[in-house]
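Me: I have a model open and would like to go through its metal site and its core. Could you take me through them?

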Amino acid sequence: MALQLRPNCEYCDKDLPPDATNARICSYECTFCADCVETKLHNVCPNCGGGFVPRPIRPASEWRAGLSVAKRPPSTTRVRLSYSVEDIAAHSARIKDIPPERR
Ligand SMILES: [Zn+2]
Ligand SMILES: [Zn+2]
């Protein structure tokens, strides 16, 4: 099963196409832009509390049969957070000083 490659930041709704270098994901594929991860979320996923890593870029070229953006297209379903800005800030404040490997 491939990564979904969700099309937007779940916090600010910025577009994050499959070749975006500023897309970040948690282990559940919750997807945000690097700016929100740094300045709003402080490396705390609002959904699961985990940390983030850069999302790998799916090759546009079909280097191997059946494997490319064209053959395995990204998700088109935009995802938005259901928590309030205040709730997310409190959640981040509670967790951000705990290293991701100890959460
Ligand atoms: Zn964002
Ligand atoms: Zn998450």
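Me: What makes the arrangement of the four donor atoms around the zinc ion (ligand 1) tetrahedral or otherwise?
Reply: This is a predicted model. The four donor atoms subtend angles of 99 to 120° around the zinc ion (ligand 1), so the arrangement is tetrahedral. For that label, all angles must lie between 85 and 135 degrees.

Me: Which residues are the protein donors?
Reply: They are Cys9, Cys12, Cys33 and Cys36, each through SG, and they lie 2.3 to 2.4 Å from the zinc ion.

Me: What spacing do the donors follow along the chain?
Reply: The spacing is C-x2-C-x20-C-x2-C. Among these donors, Cys9 and Cys36 link distant parts of the chain, being 27 residues apart. Cys9 sits in the segment before β1 (23-25), whereas Cys36 belongs to helix α1 (residues 34-41).

Me: Is Cys9 buried or exposed?
Reply: Cys9 is buried, because its relative accessible area is 0%. Cys36 has 2% relative accessibility and therefore also counts as buried.

Me: Turning to the core, how many residues does the largest nonpolar one have?
Reply: That core has 16 residues. Those with the most contacts inside it are Cys9, Tyr11, Leu16, Phe32, Leu41, Cys45 and Phe52.

Me: Which elements give two or more residues to this core?
Reply: They are β2 (31-33) and α1. The largest share, three residues, comes from α1.

Me: And what does Tyr11 touch?
Reply: Leaving out residues up to four places away in sequence, Tyr11 touches Phe32, Cys36, Lys40, Leu41, Arg80, Leu81, Val85 and Ile88. One of these, Cys36, is also a donor of the zinc ion.

Methods
Residues are numbered from 1 along each chain as its sequence is written. Chains are lettered from A and ligands numbered from 1 in the order in which they are written. This is a predicted model: local features need pLDDT of at least 70, side-chain atom pairs count only at pLDDT 80 or more; totals for chains, interfaces and linings use all residues. Side-chain values use heavy atoms; hydrogens and water are left out. Donors are N, O and S atoms within 2.8 Å of the metal (3.2 Å for Na, K and Ca); water is not among the atoms, so sites may look incomplete. Four donors count as tetrahedral if all angles lie between 85 and 135 degrees; four count as square planar and six as octahedral if opposite donors are over 155 degrees apart and all others between 65 and 115; anything else is irregular. Helices (H or I, at least four residues) and strands (E, at least two) are DSSP runs, numbered from the N terminus. Buried means under 20% relative accessible area, exposed over 50%, partly exposed in between (1.4 Å probe, protein chains only). A nonpolar core is a set of buried Ala, Val, Leu, Ile, Met, Phe, Trp, Tyr and Cys residues joined through side-chain atoms within 4.5 Å. Contact means heavy atoms within 4.5 Å.
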